[in-house]
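Here's a set of exercises to work through with the coordinates open in your viewer. Try each task before you read its solution.

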Amino acid sequence: MSPLIDRHGRTKRKLRISLTDRCNFRCTYCMPEHPDWLPRASLLERGEIVRLAGLFVDHGIDQIRLTGGEPLLRRDLSECVREISALRERGLSRLSMTTNASRIAPKARELVEAGIDDFNVSLDAIDPDTFRRLTRREIAPVLDGIDALVDAGAKVKLNAVVIRGDNEKDVVPLLEWAMARGLPLRFIEYMPLDAPGHWKRDAVVSEAEMLAAIGERHRVESVPRSHDPATPYLVDGRYPLGIISTVSNPFCSTCDRLRITATGELFTCLFSPIGTPLGARLREGVDDETLAAQVARAVWLKDAGYASRPGPVDRPLTMHAMGG
């Protein structure tokens, strides 16, 4: 079948699927302390998720990442993983998961065996007090979860959002902690994706600032860039570091990803103000051919991205509902 290509010539290979808007963390840059959850009946059922995943795989998507909210809050998570992993016979090559890892320890081996190829773990600070201030939760279960994933033979990558006044002083300590354990790390510039009016440009710690802080203690070399959103670097000649610099140095021209929310809305860009309601159409009984046509049209109309209209996006959907 035809691949998914937008009007800017970018072919889509990666799809993020949010399994739930629920999360057991309350990260200050992601959600309010007392969020309003979506009605459970509005969330996609497992069969609906697998059907949509298969539709995208049939049109050239070969990498799927399961997100939330927190995917571990979904009771049928292992079943979801197994059924999506079965799409490998139709062209899926990689199945990943993003998690805060606080509940993953008892499920780590089961998820690896079910078909997860690699995990991205959110770890915004290694200092317990800083971590608690950012997430309103404790760090110990997260570190236990990371250990359990490593013990299960999983590939693990760490993600850290850096916010001025909150955790910019943790950049080097977290890097050195990850280096000592051989865990790849990506720092992420604070993006305008939280509640309207909350994000401030001066809270962004830029890629250049992070590199300057790291460079005071380590040798940092640039590495040729791929389609990955993170700019790659090599620290001390051996350690792979990535920095996602959406605000200071957008990577929109190479974007190859799409995302589906927990209710089945397709967002062709993380900063799109509106989505395409595939879940609603699916529940209305439309066939796969009709769904595929709607997907192809939405992807074709994808705009240039954040680089063309920087700043906060105006929509009621915040990051925990969109999918991390």
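Helices here are DSSP runs of H or I with at least four residues, strands are runs of E with at least two, and both are numbered from the N terminus. With that naming, L38 sits in the loop between β1 (14–18) and α1. One thing to keep in mind throughout: this is a predicted model.

**Exercise 1. Find out whether L38 counts as buried, partly exposed or exposed, and list what L38 touches.**

Solution. Start with the accessibility. Buried means under 20% relative accessible area and exposed means over 50%. L38 comes out at 26%, so L38 counts as partly exposed. Next, skip the neighbours within four places in sequence; the contacts of L38 are then D21, R22, L43 and T263. For a sense of scale, take D127: L38 and D127 are 89 residues apart in sequence, and their C-alpha atoms are 33 Å apart in space.

**Exercise 2. Describe how helix α1 packs with helix α2: what is the crossing angle, and which residues make the contact?**

Solution. First the geometry. The axes of α1 (residues 46–57) and α2 (residues 77–85) come within 10 Å and cross at roughly 25 degrees. Angles under 35 degrees count as roughly parallel, and α1 and α2 are therefore roughly parallel to each other. The crossing of α1 past α2 is right-handed. Now the residues: α1 brings R46, I49 and V50, while α2 brings E79, C80, E83 and I84. Sorted by class, this α1 and α2 contact has 4 nonpolar, no polar and 3 charged residues.

**Exercise 3. Do the same for α1 and α9.**

Solution. Axes first again: α1 and α9 come within 11 Å, with a crossing of roughly 65 degrees. The handedness is right-handed for α1 passing α9. On the α1 side you'll find R51, L52, L55 and F56, and they meet D288, L291, A292 and V295 in α9. By class, that gives 6 nonpolar, no polar and 2 charged residues in the contact of α1 with α9.

**Exercise 4. Which residues of α2 are buried, and what do they pack against?**

Solution. Pick out the buried set in α2: L77, S78, C80, V81, I84 and S85. They span an arc of only 160 degrees around the axis, so they lie on the same side of α2. As for partners, the buried residues of α2 pack against α1, β2 (63–67), β3 (94–99) and α3 (108–114).

**Exercise 5. Repeat the analysis for helix α7.**

Solution. In α7 (residues 207–215), the buried residues are E207, M210, L211 and I214. Their arc around the axis is only 95 degrees, which puts them on the same side of α7. The buried residues of α7 pack against β5 (155–162), α6 (171–181), β6 (185–189), β7 (220–222), β8 and β9.

**Exercise 6. Are the loop residues K302 and D256 buried or exposed, and what do they touch?**

Solution. Take K302 first. K302 is in the loop between α9 (288–300) and α10 (319–322). With 2% relative accessibility, K302 counts as buried. Leaving out residues up to four places away in sequence, K302 touches D6, R7, H8, R10, K12, C255, R257, T268 and C269. Then D256, in the loop between β9 and β10 (257–260). D256 has 7% relative accessibility and so counts as buried. With the same sort of neighbours left out, up to four places away, D256 touches T11, K12, R13, K14 and H227.

**Exercise 7. Go through the backbone: where is the cis peptide bond, and what are the phi values of R136 and D236?**

Solution. Check omega first. The cis peptide bond joins G68 and G69, with omega about 15 degrees, and G69 is in the loop between β2 and α2. Now phi. R136 isn't a glycine, yet its phi is positive, at about 60 degrees. R136 belongs to the loop between α4 (128–135) and α5 (140–151), and a relative accessible area of 30% makes R136 partly exposed. D236, also a residue other than glycine, has a positive phi near 55 degrees. D236 falls in the loop between β8 (231–235) and β9 (239–244), and at 26% relative accessibility D236 counts as partly exposed.

Technical notes: Residues numbered from 1 in each chain as written. Predicted model: local features only at pLDDT ≥ 70, side-chain atom pairs only at ≥ 80, totals over all residues. Heavy atoms only, no water. Axes fitted to C-alpha atoms, helices over the stretch in contact; angles between N-to-C directions. Parallel < 35°, antiparallel > 145°, perpendicular 65-115°, else oblique. Left-handed = near helix turned anticlockwise from the far one by under 90°. Contact = heavy atoms within 4.5 Å. Nonpolar A, V, L, I, M, F, W, Y, C, P; charged D, E, K, R; others polar. Buried < 20%, exposed > 50% of the residue type's maximum accessible area, 1.4 Å probe, protein only. Arc of directions from axis to C-beta.
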